[in-house]
Amino acid sequence: MEQWIFEAIPFFDPREVDGRLVSSSLGMSLLTLSVSIHPLKPSPCSDPIGVHCDKPTTLQLAVFFGALYTLALGTGGTKPNISTIGADQFDEFDPKEKAQKLSFFNWWMFSIFLGTLFANTILVYIQDNVGWTLGYELPTIGLVISLIIFLAGTPFYRHKVPVGSPFTKMAKVIVASIRKWKIDIPTDPKELYELDPREYGKGKYRIDSTNEMRFLNKACIRTNSSKPWLLCSVTQVEETKQMLRMIPILIVTFIPSTMIAQIGTLFVKQGTTLNRHIGTFKIPPASLAGFVTISMLISVVVYDCVFVKIVKKWTKNPRGISLLQRMGIGMIIHIIIMVVASLTERHRIHVARDNGLVENGGQVPLSIFILLPQFILMGVADAFLEVAKIEFFYDQAPESMKSLGTSYSMTSLGVGSFISSALLSIVSDVTSGDGHEGWIRNNLNASHLDYYYAFFAVLNCINFVVFLVVVRFYVYRAEVSDSMKMLEEELVIRNTR
């Protein structure tokens with residue numbers, strides 16, 4: 001559900017996060033009540049197909065879906081802001097804290113996936129063997145405890161002063177540029193409008209003018225009017241450019257996000273057709289995703305503690321490799337995953353046919369562990385791509401738009417979910433025409449997921465080529481600390497005159 005929600009919060013304000021955490025807690029509480037209290041809980045039904053079960057009442061549906069949307073609202077506001085406030089606790093001008101910040105998103109994602117592992121294993125086991133009531137009560141209690149801890153720590157956090165909605169600031173730049181489209185841009189950047197240097201330094205950072213997206217510089221041209229929708233500062237224009245510059249990178253992350261939204265689910269469904277026994281213990285279907293999570297947790301630790309320390313000796317990059325290089329490696333692993341998945345699925349289908357299991361959809365006499373390579377590779381890919389993605393959008397966003405930058409990552413997941421649904425429907429409709437049975441059917445033994453995985457391998461290859469083209473023209477933004485040094489030097493020169 002979380003991957004469908006993407007929302008940009010204009011700036012970090014503790015009250016925003018407080019409200020969203022309360023919303024999440026309220027949503028989980030309602031969800032727990034919908035499976036616990038009989039007026040809100042549908043009547044028990046022993047029919048496995050559900051044909052002869054009593055339909056849920058209007059009240060039961062209202063509470064259930066109301067809980068889901070309330071939870072989604074809280075999640076959509078919390079996820080971009082929580083990671084942002086965490087990264088903002090590091091001082092950009094303190095060398096030690098600046099170095100520590102480079103590892104923050106690795107360990108941030110580690111903590112997120114640690115919770116995912118708990119959900120995919122222990123919670124799933126409780127829900128299957130104990131009951132949904134306890135299965136929902138535990139995360140509800142966890143959310144309430146998280147809210148209390150956050151509220152207790154709020155006085156000790158470093159807070160950024162709210163500077164208004166980034167959407168309004170960006171809209172002003174675009175409108176001002178269009179309204180002055182006939183005016184020529186001065187050859188000397190110093191003739192463009194900018195605030196006094198003394199206005200910067202307390203949570204506001206000046207950015208020098210660039211020639212990229214030169215049309216937007218028209219918003220800085222001085223005219224007879226100084227209205228906000230007709231005249232913008234150079235810094236405001238450059239902030240808008242930085243957010244627009246990241247959009248092509250955002251677009252090329254849609255396909256990898258589509259894989260996360262869909263392929264993982266197909267892997268799990270694929271695993272239900274295999275032997276899931278380990279001795280007398282049978283792995284619950286929903287826990288199969290735990291293999292991906294465990295792989296990701298191990299990969300993040302190895303990456304931060306081993307890979308970075310070794311590679312940065314050669315690259316001289318404190319991150320080991322750049323964020324875009326890290327994303328590119330993740331995309332390459334995605335291609336490998338789909339090739340491996342296609343070959344594995346072809347083997348599974350052949351075994352199903354040899355044992356006469358195509359029509360009845362019975363369990364294929366193969367161990368679930370034949371899927372282990374693709375599960376492990378999914379975790380490794382997440383350690384490279386997903387961590388780099390959220391860190392890249394945070395790092396490259398202007399200081400006053402960090403939450404909006406982080407929300408780009410959430411947007412990628414949300415759009416990926418919609419694309420995955422559309423692709424599944426399109427492929428299913430196209431391949432089932434002209435009397436064909438189609439690649440994707442309820443009976444996986446009669447399906448052709450191997451073709452579908454091969455299609456995704458090709459799609460990822462095309463996306464990777466586009467990514468290389470986009471990266472070729474991308475320019476990293478300057479470090480804030482470097483910009484402030486230049487500003488201090490300019491102020492010293494002015495004061496000595």
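**Exercise 1. A salt bridge within one helix**

Task: Determine how far apart K389 and E386 are in helix α12, and establish whether each residue is buried or exposed.

Solution. Being 3 residues apart in helix α12 (residues 372-396), K389 and E386 are separated by about one helical turn. The structure is a predicted model, and in it the side chains of these two residues meet in a salt bridge, at 3.1 Å from N to O. Side chains of opposite charge can pair when their charged atoms come close.

For the second part, the cut-off is needed: a residue is buried when its relative accessible area is under 20%. K389 has 1% relative accessibility and therefore counts as buried. E386, at 8%, counts as buried as well. Salt bridges that share partners also join R319, E391 and D395 into one network.

**Exercise 2. Two salt bridges of helix α11**

Task: Describe the salt bridge of E345 with R348, then that of R346 with D450, and state which parts of the chain the second pair ties together.

Solution. Begin with E345 and R348.

1. The closest N and O atoms of E345 and R348 are 2.8 Å apart.
2. Both residues lie in helix α11 (residues 323-354), 3 residues apart, about one turn of the helix.
3. E345 has a relative accessibility of 0% and counts as buried; R348, also at 0%, counts as buried too.

Continue with R346 and D450.

4. In this salt bridge the closest N and O atoms are 3.6 Å apart.
5. R346 belongs to helix α11 and D450 to helix α14, so the pair ties together parts that are 104 residues apart in sequence.
6. R346 is partly exposed, with a relative accessible area of 41%, whereas D450 is buried, with 4%.

A search of the whole structure finds 11 salt bridges.

**Exercise 3. Classifying aromatic pairs**

Task: Classify the pairs W132 with Y136 and W439 with Y451 by the angle between their ring planes.

Solution. Planes under 30 degrees apart count as stacked, over 60 as edge-to-face and the rest as tilted. By this rule the count comes to 25 aromatic pairs.

1. The rings of W132 and Y136 are 5.8 Å apart, centre to centre, with 45 degrees between the planes, and the pair is tilted. Both residues lie in helix α5 (residues 132-153), 4 residues apart, about one turn of the helix. W132 is partly exposed at 45% relative accessibility, while Y136 is buried at 18%.
2. For W439 and Y451, the centres are 5.6 Å apart and the planes are at 70 degrees, making the pair edge-to-face. W439 lies in the loop between α13 (402-431) and α14 (449-472), and Y451 in helix α14, so the pair ties together parts that are 12 residues apart in sequence. W439 is partly exposed, with a relative accessible area of 24%, and Y451 is partly exposed, with 35%.

**Exercise 4. Rings and charges**

Task: Identify the aromatic cluster that contains Y394, and state which charged end sits over the ring of Y394.

Solution. The cluster is formed by F90, F104, F105, W108 and Y394. The charged end of K402 sits over the ring of Y394, 4.5 Å from its centre. Elsewhere, the charged end of R326 sits over the ring of Y303, 3.8 Å from the ring centre.

**Exercise 5. A buried residue and a surface patch**

Task: Contrast I263 in helix α9 with V306 in helix α10, giving the accessibility and the surroundings of each.

Solution. First consider I263.

1. I263 is found in helix α9 (residues 254-271) and is buried, with a relative accessible area of 0%.
2. Leaving aside residues up to four places away in sequence, I263 touches T258, M338, Y453 and F456.
3. The C-alpha atoms of I263 and F456 are separated by 9.2 Å, although the two residues are 193 residues apart along the chain.

Next consider V306.

4. V306 is found in helix α10 (residues 290-315) and is partly exposed, with a relative accessible area of 41%.
5. Together with I294, I298, V302, I310 and W314, V306 forms a nonpolar patch on the surface, with about 600 Å² of accessible area together.

**Exercise 6. The chain as a whole**

Task: State how many helices and strands the protein chain has, and what share of its residues counts as buried.

Solution. The protein chain contains 15 helices and 2 strands. Of its 497 residues, 47% count as buried. The accessible surface comes to about 24,800 Å², of which 65% belongs to carbon and sulfur atoms. Among contacts between residues at least 6 apart in sequence, 80% join residues at least 24 apart.

Conventions:
Residues are numbered from 1 along each chain as its sequence is written. Side-chain values use heavy atoms; hydrogens and water are left out. Rings of Phe, Tyr and Trp (its six-membered ring) pair if their centres lie within 6.5 Å; planes under 30 degrees apart count as stacked, over 60 as edge-to-face and the rest as tilted. Buried means under 20% relative accessible area, exposed over 50%, partly exposed in between (1.4 Å probe, protein chains only). A charge sits over a ring if NZ of Lys or CZ of Arg is within 6 Å of the ring centre and within 35 degrees of the ring normal. Patches are made of residues with over 30% relative accessible area and no salt bridge: like charges are joined within 9 Å, nonpolar side chains (Val, Leu, Ile, Met, Phe, Trp, Tyr) within 5 Å. Accessible areas come from the Shrake-Rupley method with a 1.4 Å probe; for residues, only the protein chains shown count as cover. A salt bridge is a side-chain nitrogen of Lys or Arg within 4 Å of a carboxyl oxygen of Asp or Glu. Contact means heavy atoms within 4.5 Å.
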